[in-house]
Amino acid sequence: MKIPTRHYTLESFLEYVAGNLEDVFEGRNERKWLKAHLIFVAKEWKTIFSDLTSETLGDVTRIRFESTKTDGIEEVPTDFYIYQWAPGLLIMLTSSTKEEYEKTLKQFISSTRGITQSWIKPSMLDEMKNYLIDRYNAKVYRFIGRRYRHWKYPAKVRPEYDRRLSYSGEDASETLKEMQNIYGLIPSSFDIRIDDYKMQINRNGLFVIRHINFKTVGILQELIERIVAEQIYIRNTSEKFNNKIKTIFAGTEQFKIPRIVAGKISLPNTVLSQLMINRMFHPGDPYDIGETEREDEDAEELKKKFSFLDTFVEEDPLVFTSTVVDEDKGTIFGISGTDREMAIIPKHRITFESFIRFYDFVTLSFDYDARLALFSEELLA
Amino acid sequence: MKNYLLDDTDFVTSLSIDSLQSEYKKKKKELFNSIEQRYEKQKESLIAKKLEGIQLDKSHRRVLNACIFPFSQEGELTRLGYYFIRASPLAELGISNLDFLIFHPETPSIAIFGEAKAQVYDPAKVTEETKKRIRIVETKSSYVQEIYMKNLSPELEFVLGVSMSYSTEVVKTIQRKGGGLKVWGTGLNVNTEKPELSFKRPWVETNLDGRTMFHKDGSLTQKLSQIETSWEYKSIFPESHPFAKLSLLAWIRENECRKNRIY
């Protein structure tokens with residue numbers, strides 16, 4: 001994207017993009033798409049990007065991944081425009097292709113502590129779709145739906161099967177509704193049309209605006225605003241998990257004591273079993289189904305991200321413990337669980353995004369409506 | 001420093017007589033074969049023994065972690081001013097002793113030494129063993145006071161933490177053996193189905209032995225009831241199984257590699 005250097009607010013930035021497509025997308029003949037990545041970061045996020053070229057344009061910051069040579073071919077630099085939606089939550093706007101994103105920001109995220117892509121809970125993504133249909137008479141024309149056999153989301157037909165459906169068609173809204181009722185599918189990605197304008201929304205916090213205009217950039221802001229409270233809750237809760245040495249005072253004496261702020265993930269719609277936990281601890285599941293789309297690549301990557309060491313599982317009643325290693329970020333934490341809940345015990349080299357990714361992993365594997373909270377927090381059933 | 005040891009090839013060369021060389025090689029081969037055969041015969045039982053040891057260590061760690069976790073995590077017990085200080089007190093003196101130390105530094109200061117047991121097949125034996133360990137702590141009381149308590153003079157209390165299924169039997173046995181030990185039980189709460197830690201009241205509360213089985217601090221006795229806890233907290237303790245310790249070393253090494261890779 002080519003954006004002139006000046007002072008922008010988010011609104012004036014988006015208005016400029018929507019009103020100057022020819023200039024902004026100069027040199028790109030097709031696919032003039034605006035992509036918005038929702039990203040969780042440490043609150044001092046500017047230091048995370050300090051090794052990249054950056055420029056402040058008012059409320060918006062441009063960062064640049066410099067050009068590289070691949071097979072002797074010089075590639076163009078890739079720009080992202082950052083706006084801090086709330087402390088710890090960024091929206092990163094770009095026109096980069098999937099390949100460009102994977103070589104730049106995606107790689108950067110997986111090798112840098114203090115940053116991760118956001119994710120939208122399946123139940124929230126479903127609510128978002130319903131809102132767009134009700135409010136804007138949106139038509140879903142393509143979707144990818146998933147169902148994992150452990151989800152208790154109702155399914156009339158063979159609920160015990162994992163399934164994935166990619167569907168395109170003018171009747172996709174109706175089909176999705178039918179698939180939800182019959183097969184218990186929940187969308188992990190959907191493409192919608194509002195009037196003649198197309199947008200795509202993904203569970204990994206990626207919004208793609210295929211027709212950029214004042215209406216669609218307005219809807220983008222509205223959608224993010226609708227989920228921001230939940231996003232911030234997840235981010236801030238995960239950041240509280242820690243394991244520190246604290247000094248306490250008794251009279252004139254000081255004592256150093258280990259203090260822990262643990263977390264928990266509760267599973268209101270699932271009863272875990274030994275088989276489910278064993279499958280988590282020892283992946284290589286014989287029931288895996290083909291996963292080729294991007295959203296599912298993310299899900300597959302998530303499975304490989306965690307290693308389970310020193311595992312213990314016992315049934316009747318179910319009890320399990322393990323040490324978990326986030327292979328990308330180096331965080332080590334423990335889990336201690338029963339059939340309805342697991343405690344998260346932070347241990348070493350803690351960074352908040354490891355807990356967010358693990359929460360995502362548990363949601364995907366066991367319960368589409370799993371809840372993250374502090375260990376000491378009472379959750380309403 | 002000069003190395004006086006010969007390697008095997010040099011040793012064979014040094015045996016200048018051919019018959020001696022072949023005799024040496026033959027005996028060596030026989031010895032290697034017999035070691036290999038012995039290992040093959042015992043392999044299964046050796047592996048089973050190690051696995052059993054690791055499994056026992058895991059069960060022990062679950063009970064131990066359940067006992068100490070609520071004294072590190074913000075909650076009712078830390079709000080009372082009781083804190084987990086360390087595992088395996090006195091281990092640094094080479095004394096294999098009790099499993100944990102919880103401290104209440106505010107006046108009246110109280111130090112709670114605890115032993116965790118995952119399996120209690122013989123409650124009388126476990127009671128006796130724990131009491132022996134208590135006597136060792138008492139002989140080291142000045143060290144405990146100076147090093148752990150910074151010269152405060154706490155009241156010492158002793159706890160036996162056990163799986164809930166053994167707790168009733170253990171309470172009765174301790175009372176029959178003269179009391180002096182408090183019992184904590186850990187297991188799944190029947191209502192919430194979450195792991196809990198609870199103080200177990202003596203069988204007969206009013207007699208002298210029964211009274212020694214209560215904490216002096218009545219508020220601790222009262223609060224330590226169905227406290228939500230975790231079986232996972234510390235991965236390793238000084239008394240852990242050697243294999244568990246080795247696995248920790250492997251994690252540390254892996255983590256060091258990661259540090260070099262990630263900024």
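These legends walk through several close-up views of a predicted two-chain model.

Before the close-ups, some bookkeeping: residues count from 1 along each chain as its sequence is written, and chains are lettered from A, with ligands numbered from 1, in the order in which they are written. Since the model is predicted, local features need pLDDT of at least 70 and side-chain atom pairs count only at pLDDT 80 or more, while totals for chains, interfaces and linings use all residues; side-chain values use heavy atoms, with hydrogens and water left out.

**View 1. Where chain B meets chain A.** Here 38 residues of chain B are in contact with 49 residues of chain A, contact meaning heavy atoms within 4.5 Å. About 3,800 Å² is buried between the two chains, and carbon and sulfur atoms give 55% of it. (Buried area is the accessible area, with a 1.4 Å probe, that two parts lose on being put together, summed over both.)

**View 2. Salt bridges and polar contacts across the interface.** The rule finds five salt bridges between chain B and chain A, each being a side-chain nitrogen of Lys or Arg within 4 Å of a carboxyl oxygen of Asp or Glu. One of them pairs Glu232(B) with Lys347(A), with 2.3 Å between the closest N and O atoms. There are also 13 residue pairs in polar contact across this interface, both partners at pLDDT 80 or more. (A polar contact is a pair of N or O atoms within 3.5 Å; within protein, one must be able to donate a hydrogen and the other to accept it, and residues adjacent in sequence count only if both atoms are side-chain atoms.) On the side of chain B that touches chain A, the elements giving two or more residues are α2 (18-68), β1 (83-87) and α9 (242-261) of chain B. Of these, α9(B) gives the most, with five residues. Helices (H or I, at least four residues) and strands (E, at least two) are DSSP runs, numbered from the N terminus. By class, this side of chain B has 16 nonpolar, eight polar and 14 charged residues; Ala, Val, Leu, Ile, Met, Phe, Trp, Tyr, Cys and Pro count as nonpolar, Asp, Glu, Lys and Arg as charged, and the others, Gly among them, as polar.

**View 3. Thr237(A) in helix α6 of chain A.** The helix covers residues 214-240. Thr237(A) counts as buried because its relative accessibility is 4%; the cut-offs are under 20% relative accessible area for buried, over 50% for exposed, and partly exposed in between (1.4 Å probe, protein chains only). Setting aside neighbours within four places in sequence, Thr237(A) is in contact with Leu372(A), Ala373(A) and Leu374(A).

**View 4. Aromatic pairs in both chains.** Over all chains, a search of the whole structure finds 33 aromatic pairs. Phe281(A) and Phe308(A) have ring centres 5.3 Å apart and planes at 45°, so this pair is tilted. The two sit 27 residues apart, Phe281(A) in helix α7 (residues 274-281) and Phe308(A) in strand β17 (residues 306-314) of chain A. Phe281(A) is buried at 5% relative accessibility, and Phe308(A) is buried at 12%. In chain B, the rings of Phe71(B) and Trp184(B) have centres 5.5 Å apart and planes at 15°, so they are stacked. Phe71(B) lies in the loop between α2 and α3 (76-79) and Trp184(B) in strand β5 (residues 182-188) of chain B, so the pair ties together parts that are 113 residues apart in sequence. Both Phe71(B) and Trp184(B) are buried. (Rings of Phe, Tyr and Trp, its six-membered ring, pair if their centres lie within 6.5 Å; planes under 30 degrees apart count as stacked, over 60 as edge-to-face and the rest as tilted.)

**View 5. A phenylalanine cluster in chain A.** Ring pairs link a cluster whose members include Phe281(A), Phe308(A), Phe241(A) and Phe361(A).

**View 6. Backbone oddities.** Most residues other than glycine have a negative phi, and most peptide bonds are trans. A cis bond, with omega about -5°, joins Asp316(A) and Pro317(A), and Pro317(A) lies in the loop between β17 and β18 (319-326) of chain A. The Thr107(B) to Pro108(B) bond is cis too, with omega near -5°. Asp310(A), in strand β17 of chain A, is not a glycine but has a positive phi of about 55°. Glu193(B) also has a positive phi, near 60°, and lies in the loop between β5 and β6 (195-200) of chain B.
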